[in-house]
Amino acid sequence: MNFEPFVIPFNLGLYFILIYTVVRCIMWFQGLSRADKLRLQRGFFGRPFMQSIKEILSESLLHRRIFKVNPVLGYMHMSLAFGWFLLILFGTIEADYFGAHHLNPPSRAIFFRYFNPEHGAYGFAHIYGFWMDFLLAFILSGLLLAMSKRFRPRTMGMKKTTKHTIVDRIALTSLWLIFPSRLMAESLTCGANGSGSFLTGNLGALLASVMPAGEVAPLFWWLYSLSLGTFFVLLPVSRYFHIPVEMFLIFLRNSGIKSGDKASSFTEVELNACSSCGVCISTCQMSYAAGINNIQSAYLIKGLRTGKDVSDITMNCLMCGRCEEKCPVGIELGPLRMIQRREGKRINEEIPFLSQYSLKRNIVSTEKEPTHSYKYLAPGKEVKADVLFFAGCMTHLTPSIIVAMKKIFEEAGVNYHFMDADGGVCCGRPLMLAGRDREARELINHNSEIIWKSGAKMLVTSCPICYKVFRESYYLDVEVLHHTQFIDMLIDEGALRPGFMHEKVVYHDPCELGRGSGVYDEPRNIIGYVADLQQTVEDRSEALCCGGSIGNLSLSSEKRSLIAKDAISVLTKNNPSAVITACPLCKKTFSNASETKVMDIAELVVKALPSKTPKKVFIRQKKSAAETVKN
Amino acid sequence: MSQGEANRFGFTINKSRLINYDKGDQRVRNYITEREPSFRLCFSCGSCTATCTAGSHTTINLRRINVLIRRGDLDPIRDEVTRCMLCGKCYLTCPRGVNTRNVLALAAEAMKMRERNEL
Amino acid sequence: MTKHVVIAGGGVAGIEAAGALADLGQTVTIIEKETAAGGHVKRWHALFPDRRPAEEVKKYLSHRLKNKNITVINNTSVNRIRHHGHSLTVETSAGDNINADAVIVATGFDLFDAARKEEYGYGIYNNVITAPELEDMFNNDALVTRDGRKPSRIGFVHCVGSRDEKVCNHYCSKVCCVTAVKQAIEVREKLPDCEVFCFYMDMRMFGPYYEELYREAQEVHNINFIRGKVSEASNTINGRIAVKVEDTLAGRPLKMELDVLVLMTGMEMSRSGARLAETSGLTTGKNRFLSVTDNHIHSNRSNMHGVFYAGACTAPMNITDTISHARAAVMETVNYLSKL
């Protein structure tokens, strides 16, 4: 017996998805820029190739990153992915080794038990059969966990799980039917023929004792085939398309391809690589602290794939980067959202179901119409200095930072000029976060001119938001330092000699400084030097966001304060005497939500300076102390 | 300075100084309130205007913009709403928690749409 | 029959309640957390609206305490109140458990910590002070800047820590407006060459002769009122304070240099009172003050049988209303005691 009608759904589905995926990947490849195409070609024949294979093994199959989020969750994903992979692999070997021919169509492997019902009673075949049953049991254990995750996400360490669309639900149902129906089908066939191993054999025997197993079996073989077929056919328009696309993405990423400022072929690949695993939702503070559950990256991606209007979702995000940090597929969630923010108004037509299969999507990008103009800015006053201090808009509302920085500059004898003492012009990043790069450029040009004309070699800013934009979007000749890096440098050089205070403090990594700019060590160096720095959970690249973010244009103050209070409760778990921040917005946001004292690093350092003069007297006398220090 | 700018947009007829509430254009106010409900909370204390970054460089009066939008008197502020730098200080100083930053961003959008009769 | 009432807090409300109860023949114990009873009024120099010396009211209050039925325990706070059959047990910080037939909670208010509004520069710049600190200067007859100069311009900022959702105090502290006007007039009287400015959002002159005081401030004393909430203060080279505010009535931003900036800090629920409420199960409202059973007709009653409220622990209050409120609390208490 070589052929039965029930294998048709499976075959159709399988050939469809194989061809579709290959063609789609080719279309994506063709859509890449020339430079990216070269990168990918080099990547295929160079070291990145082995890297990609390694990553596919460790992430797509073994899901290491998900294990880090939660071991049970990791096991669940792994058992389904790796288990199924092994089942296919060993099933194919089984069919080739034990079967009549040595090269068989996939259906012989998948439906092996049907075509070889008496197989596996003794000898090596029996041992092999045991292994196949073991793999099936492995997958089924994961399936059980997956079901409980859908109904009780907390058991997997997830605070929330993704909401599904209709298509997702059908695809999910067909996926969940595959293995139970295989189990039933194999068991019934084995039960009717007295074969099978520990799982299929025993279950089969049980079933055969209560029903005519041989006659019921075909029903389940049909179900097995249909569920496989349906799953394959729905793959391209469901979250499960990530199975093949993730592998393609890994190759692209390891070849050095990144998303740019606009939607591209690469971003299309990223959109289809999202598995809707829900880790981004679970890790999002807006979700678990503020109860907002419809704006996370998974929903943005889902919306974009189906052509929905995502304008409400796009702007309502703290841009803190926590989701991107934890995404198991490694999708650049931040840049994806920024691309959407830069888009102008679109006539949004939801893509009809069948069109979602189309191989070539026209990536239409509209430019945002400029709504702001800064022609009114007069060129700034010309000043000359070695070092410029840019406080930034936010720091003006936390003047203790300015006072502390002034003191530090004087103590270290630095020839500095306070660039925006009178209020200055915004650095431009808030505009960029709103997707208005063109308009931000006007502000950037204005500030850049002042910086060039001053002849300064160094630009120090106390605000991480300004720091990030100075480094990434200004084209400056000067060295740009965040005030933590500056103070660290001064302490290293001996220009600043603060003492040590026996105070237990904790440090909060600001989003724009930590994940945003990669500055984690300098603040810790400074604090460790002057006080007793305590560790907190969720720090460095996993740090919490204060909630104050200007990246979110529409979040209400009520919700922000919920997020701030939650973050503070984590930071102050072990009752430090103060929370130290390096960002004026974090300081302001936390001060409004915290019982514990919140201080900026500059204030902490000034507090630790030994030649402390009483606070309420001017420091004119200290000039002599400053003269002895390196200029 | 503000006098000259108002005349640039072709209003050569001397408009009455009266706010005619019945003839006001409430569309921008409605557009904003739908998307930013905290707009309703403003009680005109002026602290947003005082702290405004752009305010040190040009005429941009956030409190006045809010009031005029609510009165439906939009022409005097057409130009003003485009001057906001979106820095966010206004939101941080507001004692009522009005998200003035979002209000201004939406106002600029709405004014543009109004010009094109899309509102 | 003589019953024993414990009063938590020996401020204006506590003392008045004690005096009234003692007059009616009850035994009273006042438990006061500071070193002496008297509350915040101890710090005031003159009281609005007529600017009569606070000394007179302080004298009245200390006279009230001169009753053999009243015992005052200082340096102690009340940690918890619990039921004990038909009476109550009051646990103090000294470790004592005092038996009481009824308890009046009169823990009053705390002043808002001006350092929380960092943009005003309290604790950062020398010449930014709070209203009570100005009152201290009146008491010491030392109206000078921190570096010893005679001020030529003093500014008052209304609504510091009140009507401000950023510090979670949505409510109005009621008395700061009239206090600012009173202090402004006092400054003008003591320093006739000093200009005075009040930066306000509204002028809340709610009591008898308060509005007349406002009129006097403008008419007689030439005090300047600028409608606008100060957004930030910074200091200048010569130690003066520069404020940024919008003159909303002129419709334009305004910048000004002053010698001294006085912050009208509002009232908050007292910390010790809040702790007491938490441990004893007394309900507090969204404004964190104690909740009364009925805002109109039972503004002294609590959610706990035998426990009554007097004074600013329920809401910001001036001295006149605090004394009335305390007397009303006594009436409720005596009524309750008679039914025991």
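**Close-up 1. A salt bridge joins Asp321(C) and Lys174(C) in this predicted model.** The two side chains meet at 3.9 Å, N to O. Asp321(C) lies in the 270-337 segment of domain 1 of chain C. Lys174(C) falls within domain 2, which spans 114-266. Between these two domains of chain C, the count is four salt bridges. The 3.9 Å pair qualifies because the cut-off is 4 Å from a Lys or Arg nitrogen to a carboxyl oxygen.

**Close-up 2. Chain C is assigned two domains.** Domain 1 is built from two segments, 4-108 and 270-337. Domain 2 covers 114-266. Taken over C-alpha atoms, the domain centres are 31 Å apart. To their contact, domain 1 gives 15 residues and domain 2 gives 28 residues.

**Close-up 3. Arg43(C), Phe48(C) and Arg51(C) on the domain 1 side of the chain C interface.** The two domains of chain C bury about 1800 Å² between them. Carbon and sulfur atoms give 55% of that area. Of the area that domain 1 buries against domain 2, this trio supplies 36%. No other three residues supply more.

**Close-up 4. Polar contacts between the domains of chain C.** Across this interface, 11 residue pairs are in polar contact, with both residues at pLDDT 80 or more. The domain 1 side that touches domain 2 is made up of eight nonpolar, three polar and four charged residues.

**Close-up 5. Glu369(A) and Arg116(B) form a salt bridge between chains A and B.** Their side chains meet at 2.1 Å, N to O. The count between chain A and chain B is one salt bridge. Polar contacts between these chains number 11 residue pairs, both residues at pLDDT 80 or more. On the side of chain A that touches chain B, three helices give two or more residues: H21 (429-433), H26 (557-571) and H27 (584-591). By class, that side of chain A holds 17 nonpolar, 10 polar and five charged residues.

**Close-up 6. The extent of the interface between chains A and B.** Chain A brings 32 residues to the contact, and chain B brings 28 residues. Together the two chains bury about 2400 Å². Carbon and sulfur atoms account for 58% of this buried area.

Conventions:
Residues are numbered from 1 along each chain as its sequence is written. Chains are lettered from A and ligands numbered from 1 in the order in which they are written. This is a predicted model: local features need pLDDT of at least 70, side-chain atom pairs count only at pLDDT 80 or more; totals for chains, interfaces and linings use all residues. Side-chain values use heavy atoms; hydrogens and water are left out. Domain bounds come from an automatic or database domain assignment. Contact means heavy atoms within 4.5 Å. Buried area is the accessible area (1.4 Å probe) that two parts lose on being put together, summed over both. A polar contact is a pair of N or O atoms within 3.5 Å; within protein, one must be able to donate a hydrogen and the other to accept it, and residues adjacent in sequence count only if both atoms are side-chain atoms. Ala, Val, Leu, Ile, Met, Phe, Trp, Tyr, Cys and Pro count as nonpolar, Asp, Glu, Lys and Arg as charged, and the others, Gly among them, as polar. Helices (H or I, at least four residues) and strands (E, at least two) are DSSP runs, numbered from the N terminus.
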